[in-house]
Amino acid sequence: MADIILKGLNKRFGDTQALADLNLSIRDGEFVVLLGPTGAGKTTTLRLIAGLERPDSGRIEIAGRNVAGEAPADRDVAFVFQQYSLYPHMTVYDNLAFPLRAPARKLTSEEIDRRVREIARMVRIDHKLENRSTRLSGGEMQRVAIGRALVRRPAIYLMDEPLSSLDAKLRAELRLELKRIQKELGSTLLYVTHDQVEAMTMADRIGIVAEGRLLQVGTPREIYGNPASLHVAARLGQPHINLLPTDLLPGANPPRGTKTIGARTEHLDIVINQNANAKIDWIEHLGDQNHLHIKVRDHKLVTLADPYLAIRPGDSISLTLRDPLYFDASGQRLG
Ligand SMILES: Nc1ncnc2c1ncn2[C@@H]1O[C@H](COP(=O)(O)OP(=O)(O)OP(=O)(O)O)[C@@H](O)[C@H]1O
């Protein structure tokens, strides 16, 4: 177990500035998720920590050591990639035991057996230990890949979208399991994704990255409720935050310099009445909830609604803002 400190990391590939002055501290035992769009620099950050790339400048500390001169094998880091990279000719058991059989580890076969079975139980693959790894479903293969990283008990785990190749149901299951296992082991975990639900449900803290920069770090609640900028606000929330001109809806109290109002479902009050300033355009039925598509003059908004709300396309409503978010012309949050 260990903490990780990244100070002023820069990395350039040709004309691309993959990382630009990235600073981040991860505490021992913390689960931090880097969330950002494709090309934001998330994988590059993991590869620098693992020692698979060298930064152009900046410093990486693991458990208080400057690791600049250390080879990947000496950094005591386990990496799980998006695509499970198992040894196809081996059984699940041997795939899990492989990292423990390195001569330098000097483990007895009893100790290896105990650790393999313990981890197999944790990742719920203990009933398939004798199967060849090629004869598993995608979700099972990914469990083995995660198990193989966990079995070594390194100081830190780095995971690069490990669940993205799975179907939605499995992803939701493994999300919970991974979080549970991480808490059980007390390990430090840096996890990369562009899936906001993964970030919100698993992270102790989320780091929002864009164009090689870390825009904001905080608990899921802080990032969602108190975004520092329009960019951060737009990364979280389903449906997307509505971005509106200041004079579109009543109920706002914009501070000086406000250019854009950000309104999520919880910032919009809907009343069905005659004094309508808005119209229901259409309704998307998602089962447990509805997305209301609303038209206000020539602006379109989307908000969540209870499926029992008695409302139909074409209905007139009065729409009022309640404590929305305010942003200036450069997208920074105000007030
Ligand atoms: N080896 C490389 N050679 C050239 N350019 C690279 C290399 N690795 C990354 N890049 C570039 O650096 C930028 C950041 O890439 P990175 O893989 O870190 O992004 P990411 O946030 O992980 O994206 P994704 O979600 O698509 O994996 C991108 O513009 C990418 O094209």
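Modeller: Two strands pair if DSSP finds at least two bridges between them. Strands (E, at least two residues) and helices (H or I, at least four) are DSSP runs, numbered from the N terminus. This is a predicted model: local features need pLDDT of at least 70, side-chain atom pairs count only at pLDDT 80 or more, and totals for chains, interfaces and linings use all residues. Residues are numbered from 1 along each chain as its sequence is written.

Colleague: How many bridges pair strand β14 with strand β17?

Modeller: K279 stands opposite S316 in β17. Strands β14 (residues 278–285) and β17 (residues 316–321) pair in the antiparallel sense. Their bridge count is 2.

Colleague: And how many bridges join β14 to strand β15?

Modeller: These two strands also run antiparallel, with β15 at residues 290–296. I280 stands opposite I294 in β15. The number of bridges joining β14 to β15 is 6.

Colleague: Which residue takes a positive phi in the hairpin of β14 and β15?

Modeller: That hairpin has 4 residues between the strands. The phi in question is near 100 degrees, and the residue is G287.

Colleague: Which strands are the edges of the open sheet that holds β12 and β18?

Modeller: The sheet has 4 strands, ordered β11-β12-β18-β19, with antiparallel pairing. Strands β12 (residues 260–263) and β18 (residues 325–327) are joined by 3 bridges, and G262 stands opposite L325 in β18. An edge strand pairs on one side only; here these are β11 (242–244) and β19 (333–334).

Colleague: Step back to the whole chain. How many helices and strands does the secondary structure come to?

Modeller: The C-alpha trace spans about 80 × 45 × 35 Å along its principal axes. Among contacts between residues at least 6 apart in sequence, 65% join residues at least 24 apart; a contact means C-beta atoms, placed from the backbone, within 7 Å. The count is 8 helices and 19 strands.

Colleague: How far apart are the C-alpha centres of domain 1 and domain 2?

Modeller: Domain bounds come from an automatic or database domain assignment, which gives domain 1 (4–235) and domain 2 (242–334). In this assignment, 6 residues of domain 1 are in contact with 7 residues of domain 2. The side of domain 1 that touches domain 2 has 4 nonpolar, 2 polar and no charged residues. The two C-alpha centres are separated by 38 Å.

Colleague: Which three residues touch the most other members of the largest nonpolar core?

Modeller: Such a core is a set of buried Ala, Val, Leu, Ile, Met, Phe, Trp, Tyr and Cys residues joined through C-beta atoms within 7 Å. This one holds 80 residues, and the three are V33, L96 and L190.

Colleague: Why does this core lie between domain 1 and domain 2?

Modeller: Helix α4 (residues 138–151) gives the largest share of this core, 7 residues. The core lies between the domains because residues come to it from both domain 1 (4–235) and domain 2 (242–334).

Colleague: Is G207 buried or exposed?

Modeller: Buried needs 20 or more other C-beta atoms within 10 Å of a residue's own, exposed 12 or fewer, partly exposed in between; C-beta atoms are placed from the backbone. G207 lies in strand β9 (residues 205–210). Leaving out residues up to four places away in sequence, G207 touches L24, V32, L34, L214 and V217. It has 24 C-beta neighbours inside 10 Å, so G207 is buried.

Colleague: Which element gives the most residues to the shell around the ligand?

Modeller: The ligand is surrounded by twelve-odd positions that include F13, G36, K42, T43, T44 and H194. Two elements give two or more residues to this shell: β2 (16–26) and α1 (42–50). The top contributor, with 3 residues, is α1.

Colleague: How many charged residues does the shell around the ligand have?

Modeller: Ala, Val, Leu, Ile, Met, Phe, Trp, Tyr, Cys and Pro count as nonpolar, Asp, Glu, Lys and Arg as charged, and the others, Gly among them, as polar. A residue joins the shell if its C-beta atom, placed from the backbone, lies within 6 Å of the ligand. The shell has 3 nonpolar and 8 polar residues, and its charged count is 1.

Colleague: How many of the 9 residues of α1 are buried?

Modeller: The buried ones include K42, T43, T44 and L48. Just after α1, G51 takes a positive phi of about 90 degrees. Helix α1 is largely enclosed by the rest of the structure, because its buried count is 7.

Technical notes
Two residues are in contact if their C-beta atoms, placed from the backbone, lie within 7 Å.
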